[in-house]
Amino acid sequence: MAVVFDKPHALCDVPTHYCPGCTHGIIHRLVAEVMDELGIEGNSVGVFPVGCSVLAYNYFECDMVGAPHGRAPAVATGVKRARPDSVVFTYQGDGDLAAIGTCETVHAAARGENITVIFVNNTIYGMTGGQMAPTTMPGQVTQTTPYGREPEIQGYPVKMCEMLSTLEGTALAQRVSVDNPAHIREAKKAIKKAFENQINKKGFSIVEVLSTCPTNWGMSPVDALERVRTEMIPYFPLGVYKDEAVWNKEEKAD
Amino acid sequence: MERVLMKGNEALAEAAIRAGCKCFFAYPITPQTEVAAYLAKNMKKRDITFLQAESEIAAVNMVLGASSAGVRTMTSSSSPGISLKSEGVSYIAGSDLPAVIVNVQRGGPGLGSIQPSQSDYWQATKALGHGDFQLIVFAPASVQETVDMTIRAFEEADRYRMPVMILTDGFLGQMMEPVSFSDEAPVIEEKDWACSGHKGERKHNIINSLFLQPDDLEHSVNERYKRYDIIKEKIHDAEIYKCEDADIVLAAYGTTARVAKSAVNQAREKGIKAGLFRPKTLWPFPVEEFRSACANAKTVLSVEMSQGQMVEDLRLALDCRLPVEFYGRHGGNIPSPAEVLEQIEKISERSL
Amino acid sequence: MISINFERCKGCGLCVSACPKKIISLSEEKHNQKGYYPAVCTDNEKCISCALCAMMCPDCAIKVEKGE
């Protein structure tokens, strides 16, 4: 028998704390698969955030550093500047990256910091029980927008890829989804590119992954994926927002 | 060892380079400006990284990252900036990471002033951030001591895996004095806990301050406090000046200790038996040194550029056996020797 | 053919809806130690080893193999 599909090496062989059907698990696996394929596990340092993925240090086999809420890009900058040959990535949710950590995110990108950012957008604060996130969509019901997000009161969501694509320091800004196998393949390609960019010293790379939160959305995992397709993707369109080397432009990627 | 004339802040920066500081992150703020400027100017020829961060918060978290990666690292700021860094310092302490934090104090609260101050004593010694933790706090009183303490700060930070603060002020930072540097290269041990890639040779390292199980967090904090007990035994230092027969012992650190020393000399000329106790470490507080300085004292006078933040530590060190009086100027004002002498004379007259 | 890690599976059902051959269903009576009703393969003979189930599995609970 030939193995067609199995757990990647860079993913720890442990059960995760994520709720049933939460797509964090898929995104973790894609990052680990990319680490395997590029052979970088032993040279990688992951920076984990505050939020549902705060326990990511239990799930990746590479070295892991914990950052205060939102500060992962600053922590990753510190690691990268100290060890320029390491492969440094952050794994952050929407509250972490697009609310409390907006400043760190924007400036890491503006600096063209040669790091990889995996941004998981599920339009809600999951860990604290489902409050409004910076990416919560107009009309979306959360614990702190019980009548639905009203832009007149709570303002509009932040579209990070669109915003970051305006910065000179951003090498890659791409939004992907993991709602079906075709999209998952696309997401993996994007994540791989974001790591390759770093290896080839191309600049700041962010992959925004549209993700689910069945528990706090109050949906079954299957219905949650349907919401990604019918509500999120139209509002947060998938695609490459910027793909242009910041540094090392002449050298072709491997 | 050649002697050169240097500003306190620049000497501090030079000392950091010589101590093997590889990464320095900071955000512009007065009156620490020269630390960053000096390191920026020297980064290329001295092979260090200087990065001006987008905020004080980002700067301290870059320190967290660089320290996690196993290099010697530092950030410097002044009072309002240190408040912003408190979150990061708490995480650094909770993650058992070495780091050097410089506070060139200015007046507060709020935006306060840009003049020298000592009103961050409580912040530095009691509660720089949430949770149970301490920093080792060095308080230099001269440019030479700023240099020596900076080098020591990096060593102690590595030894005990914790943040160490240099608590100086706008006066010490801006003033020029002759200073000499040792040519000795720093001895930096390999950090097997650092996160710089496991190279397939070990299990992954994790730098973390999260412990969801109460027993785990309690254990982690207890272990840290066991280290603090060792530090309390090993790191405590003070200068004791003319205290053997002193009736009045002045207690002052940093800039105000220089003023107090002049006042002590002037008091002696007038026949008043005054002495000076100058803590060089504020945490751990040099309790034994203070007790011995007060062996024959009748009164203690704390001289500070604050509203008297050190007074409580003095009383506690003496178990409240002696009256501890206070004289201070603040808001950017520095007490003059004449003002302090007047206080000494008042106390002296009263007790006669 | 697929093998589903009974203890690792959280019974979310994403594999059930991904399977083109409709040979995965959630266990109805047997639950695992965590109390989840895991997915089970009802007819491994029909499996075409497309691995769509494994791709959708958030818990890496599915291993896919192909016969010689």
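**The interface of chains A and B, and a buried strand in chain B**

The contact between the two chains draws on 36 residues of chain A and 34 residues of chain B. The model is a predicted one, and the description below begins at this interface before turning to chain B.

The size of an interface is often given as the accessible area lost when the parts come together. For chain A and chain B, the buried area is about 2,600 Å², and carbon and sulfur atoms give 60% of that area. Polar interactions are also present across the interface: 18 residue pairs, with both residues at pLDDT 80 or more, are in polar contact between chain A and chain B.

On the chain A side, four elements each supply at least two residues to the surface that touches chain B: strand E2 (44-48), strand E3 (63-66), helix H2 (72-82) and helix H4 (102-110). H2(A) gives the most to this side, with seven residues. Sorted by class, the side of chain A that touches chain B comprises 18 nonpolar, nine polar and nine charged residues.

Charged residues lead to the salt bridges, of which the rule finds three across the interface of chain A and chain B. In one salt bridge, Glu54(B) is joined to Arg111(A), and the closest N and O atoms are 2.9 Å apart.

Strand pairing also links the two chains. E3(A) is joined by two bridges to strand E9 of chain B, residues 206-207, and the two strands run parallel. Within this pairing, Met64(A) has Ile206(B) in E9(B) as its bridge partner.

Attention now turns to strand E4 of chain B. Which residues cover its two faces, and are they buried or exposed? On one side stand Arg72(B), Met74(B) and Ser76(B), and on the other Thr73(B), Thr75(B) and Ser77(B); all are buried. Because six of the six residues of E4(B), residues 72-77, are buried, the strand is largely enclosed by the rest of the structure. Buried here means under 20% relative accessible area.

The pairing of E4(B) with other strands of chain B can be followed residue by residue. Strand E2 of chain B, residues 21-26, pairs with E4(B) in the parallel sense over three bridges, and Cys23(B) stands opposite Thr73(B) in E4(B). E4(B) also pairs with strand E5 of chain B, residues 99-105, again in the parallel sense, over four bridges. There, Thr75(B) has Ile101(B) in E5(B) as its bridge partner. Thr73(B) and Thr75(B), named in these pairings, both belong to one buried face of E4(B).

Key. Residues are numbered from 1 along each chain as its sequence is written. Chains are lettered from A and ligands numbered from 1 in the order in which they are written. This is a predicted model: local features need pLDDT of at least 70, side-chain atom pairs count only at pLDDT 80 or more; totals for chains, interfaces and linings use all residues. Side-chain values use heavy atoms; hydrogens and water are left out. Contact means heavy atoms within 4.5 Å. Buried area is the accessible area (1.4 Å probe) that two parts lose on being put together, summed over both. A salt bridge is a side-chain nitrogen of Lys or Arg within 4 Å of a carboxyl oxygen of Asp or Glu. A polar contact is a pair of N or O atoms within 3.5 Å; within protein, one must be able to donate a hydrogen and the other to accept it, and residues adjacent in sequence count only if both atoms are side-chain atoms. Ala, Val, Leu, Ile, Met, Phe, Trp, Tyr, Cys and Pro count as nonpolar, Asp, Glu, Lys and Arg as charged, and the others, Gly among them, as polar. Two strands pair if DSSP finds at least two bridges between them. Buried means under 20% relative accessible area, exposed over 50%, partly exposed in between (1.4 Å probe, protein chains only).
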